[in-house]
Amino acid sequence: MSIRNSSRRRLLLQAGAAAAVQVVVRPASAQEAPALATVVAQFAGPQRVREGRVKLEIAQMVDNGNVVPMRVTVDSPMTAADHVTEIAVFNEKNPQRDVARFQLGPRAGKADVSTRIRLATSQQLVALARMNDGTVWSDSVDVIVITAACLETTTSS
């Protein structure tokens, strides 16, 4: 019986070591998504991101990250002389940093967009609005997610 127990222990140790190697190696080989600050800077280009004019409305605590209502409004008269051309929302920890992008023009009437999104885990969201004069305005919200969504699973073949 001791030979059988010894073989079983050895097999379990080898399986455990193989699983540990897989867990350690996978994140190192996975391509890291760019940091939130990087995607915000890419969107803004040479413009300085200013706080204000944008209001990101999302619950600060959500039970389920699979369906999270979100709304972005921008203080703008939406005239030919002064209007929002683009609204973008980025996240800190989802596998993809882009949450949503909306193209607008003066004929939109209001700079007010809403949708439902998925959140992988608790994280910060940033809403940006580009105006027709090139300025970029922002608002950010930290969201706590109780039950995560967007989790990537792998299968071995």
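**Confidence, cores and side-chain contacts in the predicted model**

The protein chain has an average pLDDT of 82, and 74% of its residues score at least 70. The structure is a predicted model, and confidence is not uniform along the chain: the mean is lowest in helix α1 (residues 2-29), at 47, and highest in β2, at 98. Over residues 17-31 the pLDDT stays under 50. For that segment the model has 2 contacts beyond four places in sequence.

The largest nonpolar core comprises 27 residues. Within this core, I58, V84 and I87 have the most contacts. At least two core residues come from each of β2, β4, β5, β6 (98-103), β7, β8 (123-131) and β9 (136-147). In soluble globular proteins, nonpolar side chains tend to be buried together. The surroundings of I87 were examined with its neighbours within four places in sequence left aside; the residues in contact with I87 are then V72, V74, A100, R101, F102, L104, V113, L128 and A129. Another core, of 10 residues, lies apart from the largest one. Among the members of this other core are V39, F43, L128 and V136.

The search for aromatic pairs returned 1 pair in the structure. The pair consists of F43 and F90 in an edge-to-face arrangement, with 6.0 Å between the ring centres and 65° between the planes. The angle is classed as edge-to-face because planes over 60 degrees apart fall in that category. F43 belongs to helix α2 (residues 36-44) and F90 to strand β5 (residues 84-91), so the pair ties together parts of the chain that are 47 residues apart in sequence. Both phenylalanines, F43 and F90, are buried. The ring of F43 also has a charged group over it: the charged end of R130 sits 4.2 Å from the ring centre. F43 thus appears in the 10-residue core, in the aromatic pair with F90 and beneath the charged end of R130.

Across the whole structure, 7 salt bridges were found. One of them joins R71 and E57, whose closest N and O atoms are 3.9 Å apart. R71 lies in strand β4 (residues 68-74) and E57 in strand β2 (residues 54-58), so this salt bridge ties together parts that are 14 residues apart in sequence. R71 has a relative accessible area of 34% and is partly exposed. E57 is likewise partly exposed, with a relative accessible area of 32%.

R71 also forms a salt bridge with D112, with 2.5 Å between the closest N and O atoms. This pair links distant parts of the chain, D112 being in strand β7 (residues 112-117) and R71 in strand β4, 41 residues apart. D112 counts as partly exposed, at 27% relative accessibility. A further salt bridge is formed between the side chains of K110 and D112, at 4.0 Å from N to O. K110 is exposed, its relative accessible area being 57%. Through shared partners, the salt bridges join E57, R71, K110 and D112 into one network. In this network R71 is bridged to E57 and to D112, while D112 is bridged to K110.

Technical notes
Residues are numbered from 1 along each chain as its sequence is written. This is a predicted model: local features need pLDDT of at least 70, side-chain atom pairs count only at pLDDT 80 or more; totals for chains, interfaces and linings use all residues. Side-chain values use heavy atoms; hydrogens and water are left out. Rings of Phe, Tyr and Trp (its six-membered ring) pair if their centres lie within 6.5 Å; planes under 30 degrees apart count as stacked, over 60 as edge-to-face and the rest as tilted. Helices (H or I, at least four residues) and strands (E, at least two) are DSSP runs, numbered from the N terminus. Buried means under 20% relative accessible area, exposed over 50%, partly exposed in between (1.4 Å probe, protein chains only). A charge sits over a ring if NZ of Lys or CZ of Arg is within 6 Å of the ring centre and within 35 degrees of the ring normal. A nonpolar core is a set of buried Ala, Val, Leu, Ile, Met, Phe, Trp, Tyr and Cys residues joined through side-chain atoms within 4.5 Å. Contact means heavy atoms within 4.5 Å. pLDDT is the predictor's confidence in each residue, from 0 to 100.
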